[in-house]
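Trainee: Could you take me through the salt bridges here, one close look at the contacts and where their residues sit?

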Amino acid sequence: MENITFETLVLDQDNKVCLIDDKEVVLTKKEYELLLFLLNKPNFIHSREDIINQVWGKTVTTRTVDTNIMRLRQKLGKYGENIYTRMGFGYGFKTK
């Protein structure tokens with residue numbers, strides 16, 4: 001599989017790792033899958049329900065999504081700001 005790259009953030013899909021500036025960022029499986037989901041369609045708002053269906057595939061609370069987004073933002077450091085919230089709609093990853 002091809003790597004997904006945004007500036008110096010790289011998602012290595014073969015090895016299931018996230019790299020920033022060539023350093024591994026330790027993500028849980030769900031954090032990795034969430035980031036992959038957002039990066040596959042950048043600059044698009046995904047509803048919490050869509051995220052739950054695509055990433056978890058089962059019923060979890062919307063708070064689960066919010067908590068994982070918060071953790072992912074922290075772990076991504078300078079790229080955490082690229083994950084944005086559209087109040088009342090959902091989340092996206094902005095590249096512009």
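Mentor: Let's set the terms up front: buried means under 20% relative accessible area, exposed means over 50%, and partly exposed is in between (1.4 Å probe, protein chains only). By that yardstick Lys-75 is partly exposed, at 33% relative accessible area. This is a predicted model, where local features need pLDDT of at least 70, side-chain atom pairs count only at pLDDT 80 or more, and totals for chains, interfaces and linings use all residues. Residues are numbered from 1 along each chain as its sequence is written, and side-chain values use heavy atoms, with hydrogens and water left out.

A salt bridge here is a side-chain nitrogen of Lys or Arg within 4 Å of a carboxyl oxygen of Asp or Glu, and the whole structure has six. In one of them, Lys-75 pairs with Glu-31 at 2.7 Å, N to O. Lys-75 lies in helix 3 (residues 62–75) and Glu-31 in helix 1, so this pair ties together parts that are 44 residues apart in sequence; helices are DSSP runs (H or I, at least four residues), numbered from the N terminus. Glu-31 is buried, at 1%.

Back in helix 1 (residues 29–40), Glu-33 and Lys-29 are four residues apart, about one turn, and their side chains bridge at 3.8 Å, N to O. Glu-33 is partly exposed at 22%, while Lys-29 is exposed at 60%. Lys-30 joins these two in a network of salt bridges.

Helix 3 has a pair three residues apart, Asp-66 and Arg-63, with their closest N and O atoms 3.9 Å apart. Asp-66 is buried at 17%, whereas Arg-63 is exposed at 53%.

Terms used:
Helix = DSSP H or I, 4+ residues; strand = E, 2+ residues; numbered from the N terminus.
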